Amino acid sequence: MNDTATAAVILAAGRGSRMLGLTAERPKCLVELAGRPLLHWQLGALRAAGIGRILVVRGYAAQCLEGDFATVENPRWAETNMVSSLLCAGGFAHKFFASGGERLVVSYSDIVYHPEHVCRLLAASGDIAITYDTEWEALWLLRFEDVLSDAETFRQEDGLLREIGGRPTSLAQIHGQYMGLLCFSKAGWETLEAVCAGLGPQAVDKLDMTSLLRLLLAQGAEIEAVPVAGRWCEADSGTDLKNYEAALASGHWSHDWREDA
């Protein structure tokens with residue numbers, strides 16, 4: 001797949017309040033992990049996977065986010081959720097698909113991941129696809145005393161997502177964990193916009209991505225579930241950053257996302 005057939009959107013409008021002082025003057029995606037800002041890891045992984053056309057959705061401390069990428073604003077970032085930020089990329093998405101683009105990757109801005117995960121997502125055939133980590137428990141054990149306290153239900157059958165976002169009562173209800181990496185074809189993007197239009201603006205304002213995926217499933221949309229094994233992490237707090245730095249320093253770590261690891 002050539003680079004004109006792919007593009008990416010990074011959702012970086014939020015502040016990341018659980019980072020406390022680390023985001024006092026900069027967006028969450030500019031907090032550093034292993035010597036580089038989270039955003040730089042994302043840009044590197046996307047480009048290593050062959051994606052050259054990248055849009056960053058800005059909001060909090062937007063002036064800090066400038067570089068070799070396009071930008072668009074979510075002026076209502078403080079009062080809206082992630083799906084609203086994604087819809088701010090609608091103009092970019094429409095131009096991309098109108099020019100013959102085939103696969104649009106969407107990435108949260110507080111995750112880092114190996115380029116191979118992006119490649120696997122681009123190779124998916126579904127109009128909507130997401131990656132999920134089959135080795136999620138090792139990462140959650142590093143972050144939480146009780147992995148079930150934060151994990152969500154995730155069930156897939158024959159490569160299709162069947163359930164996501166519930167409260168699990170046992171590990172058997174968790175086939176993996178959603179990572180915050182998605183991919184859309186033109187038809188998939190149109191389905192996304194149609195579902196959001198049917199909800200109305202006030203409901204969309206409150207909608208997070210997992211809730212959107214559940215709505216898509218409820219309305220009969222097929223969502224391809226692409227398995228990966230480790231080699232990513234989510235940085236939600238300063239404690240996460242410290243735990244990851246310690247894991248990297250200890251030697252081999254199943255979730256080391258770096259290309260040369």
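Helices here are DSSP runs (H or I) of at least four residues, numbered from the N terminus. With that in hand, here's a quick tour of the charged pairs and cysteines in this predicted model. The structure holds 13 salt bridges and zero disulfides. Below are some of the bridges, then a couple of the cysteines.

**A bridge inside helix α6**

- Helix α6 covers residues 186–199, and both Lys186 and Glu190 sit in it.
- The two are four residues apart, which is about one turn of the helix.
- Their side chains meet in a salt bridge, with an N to O distance of 2.6 Å.
- That pair counts as a salt bridge because the cut-off is a Lys or Arg side-chain nitrogen within 4 Å of an Asp or Glu carboxyl oxygen.
- As for exposure, Glu190 comes out partly exposed, at 42% relative accessible area.
- Lys186 is partly exposed too, with a relative accessible area of 42%.

**A four-residue network**

- Arg155, Glu157, Arg162 and Glu163 are joined into one network by salt bridges that share partners.
- One of the links runs from Arg155 to Glu163, whose side chains meet at 3.6 Å, N to O.
- Another pairs Glu157 with Arg162, and here the closest N and O atoms are 3.8 Å apart.
- Arg155 is partly exposed, at 29% relative accessibility.
- Its partner Glu163 has a relative accessible area of 32%, so Glu163 is partly exposed as well.
- Over on the other pair, Glu157 is at 38% relative accessibility and counts as partly exposed.
- Arg162 is also partly exposed, with 40% relative accessible area.
- For reference, "partly exposed" is the band between buried (under 20%) and exposed (over 50%).

**Cysteines without a partner**

- Don't go looking for cross-links here: the count of disulfides is zero.
- Take Cys88, which is in no disulfide; the nearest cysteine sulfur belongs to Cys196 and is 11 Å away.
- Cys88 is partly exposed, at 25% relative accessibility.
- Cys119 is likewise in no disulfide, and the nearest cysteine sulfur to it, that of Cys183, is 11 Å away.
- Cys119 has a relative accessible area of 29%, so this cysteine is partly exposed.
- Why don't these gaps count? Because a disulfide needs a pair of cysteine sulfur atoms within 2.5 Å.

Methods. Residues are numbered from 1 along each chain as its sequence is written. This is a predicted model: local features need pLDDT of at least 70, side-chain atom pairs count only at pLDDT 80 or more; totals for chains, interfaces and linings use all residues. Side-chain values use heavy atoms; hydrogens and water are left out. Buried means under 20% relative accessible area, exposed over 50%, partly exposed in between (1.4 Å probe, protein chains only).
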